[in-house]
Amino acid sequence: ITQPTLYDQPIAPRKKRIAAGGLLVGIILGWIISIFYEQKKNIIYIKKELTQIFKVPISIDFDELKNLEVNLDLLIKVFKTSISNKNKKISFFIIKNINKESLKTFKDKLEEIFQNKTEINYYKELPNHNNVGSLFLITETGKLTRDEARFIMKVLDLNNNRFEGII
């Protein structure tokens with residue numbers, strides 16, 4: 001029998017290292033699972049993705065419209081230039097449930113800007129005609145799926161319509 005080797009420090013499971021490794025693996029695994037879950041839900045969370053699908057810029061960020069006094073000049077600029085090319089009509093297609101208070105404030109400001117000189121329409125379903133004037137999409141990120149967005153684009157193409165911008 002050989003002489004046993006004794007170390008200065010006792011050998012045992014390194015609990016702190018095991019706990020840290022388990023925490024790191026748990027965080028990474030949870031992150032990966034959440035990414036796959038969100039991809040499966042197919043919901044658009046990024047504004048850039050909205051602009052890529054609809055091929056129009058975000059005219060006004062609806063989240064920033066809460067401070068409408070600051071953005072009133074921007075509203076005037078966006079809508080007055082877009083209807084100058086069309087026939088004094090402006091239409092908004094509202095997708096999903098938008099914050100009702102923000103939407104009411106938005107409508108009131110538009111009425112104030114145009115003072116009944118321009119016909120303003122709001123649609124909850126896509127208009128099936130092309131006499132809508134300047135058409136804008138109103139939506140919030142996290143409410144619209146990619147499949148719904150692609151379907152909307154197909155319907156717009158069939159009716160020879162397109163969005164002027166996204167709000």
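These legends walk through a few close-up views of one predicted model.

Residue numbers start from 1 along each chain as its sequence is written, and side-chain values use heavy atoms, with hydrogens and water left out. Because this is a predicted model, local features need pLDDT of at least 70 and side-chain atom pairs count only at pLDDT 80 or more, while totals for chains, interfaces and linings use all residues.

**View 1. The whole chain, with its 5 helices and 4 strands.** Helices here are DSSP runs of H or I with at least four residues, strands are runs of E with at least two, and both are numbered from the N terminus. Follow the sequence and you meet the pattern α-α-α-β-α-β-β-α-β. Of the 167 residues, 39% count as buried (buried is under 20% relative accessible area, exposed is over 50%, partly exposed is in between, with a 1.4 Å probe and protein chains only). Take the contacts with a separation of 6 or more: 83% of them come from residues 24 or more positions apart (a contact means heavy atoms within 4.5 Å). The accessible surface comes to about 11,700 Å², and 56% of that belongs to carbon and sulfur atoms (Shrake-Rupley method, 1.4 Å probe).

**View 2. An open sheet with its strands in the order 2-1-3-4.** The 4 strands pair in parallel; two strands count as paired if DSSP finds at least two bridges between them. Strand 2 (119-123) and strand 4 stand at the edges with a single partner strand each, so one side of each has no neighbour in the sheet. From one strand to the next, the twist averages 25 degrees (axes are lines fitted to C-alpha atoms, and angles run from 0 to 180 degrees between N-to-C directions).

**View 3. Strand 1, with 6 of its 6 residues buried.** Strand 1 (residues 89-94) runs parallel to strand 3 (residues 134-138), joined by 5 bridges, and Ile94 stands opposite Ile138. Another 5 bridges join strand 1 to strand 2, also parallel; there, the bridge partner of Phe92 is Tyr122. In a regular strand, side chains alternate between the two faces of the sheet. In strand 1, Lys89, Ser91 and Phe93 point one way, and Ile90, Phe92 and Ile94 point the other.

**View 4. Phe54, Phe93 and Phe163, a cluster linked by ring pairs.** The structure holds 4 aromatic pairs (rings of Phe, Tyr and Trp, using the six-membered ring of Trp, pair if their centres lie within 6.5 Å; planes under 30 degrees apart are stacked, over 60 edge-to-face, the rest tilted). One of them is Phe54 with Phe163, edge-to-face at 5.4 Å centre to centre and 85 degrees between the planes. That pair links distant parts of the chain: Phe54 is in helix 2 and Phe163 in strand 4 (residues 163-166), 109 residues apart. Both Phe54 and Phe163 are buried.

**View 5. Lys107 over the face of Tyr122.** Lys107 lies 4.5 Å from the ring centre (a charge sits over a ring if NZ of Lys or CZ of Arg is within 6 Å of the ring centre and within 35 degrees of the ring normal).

**View 6. Two loop residues with positive phi, Asn42 and Lys55.** Asn42 has a phi near 65 degrees and is found in the loop between helix 1 (15-41) and helix 2 (47-54). At 16% relative accessibility, Asn42 counts as buried. Lys55 has a phi of about 60 degrees and lies in the loop between helix 2 and helix 3 (68-84). Lys55 is exposed, with a relative accessible area of 64%.
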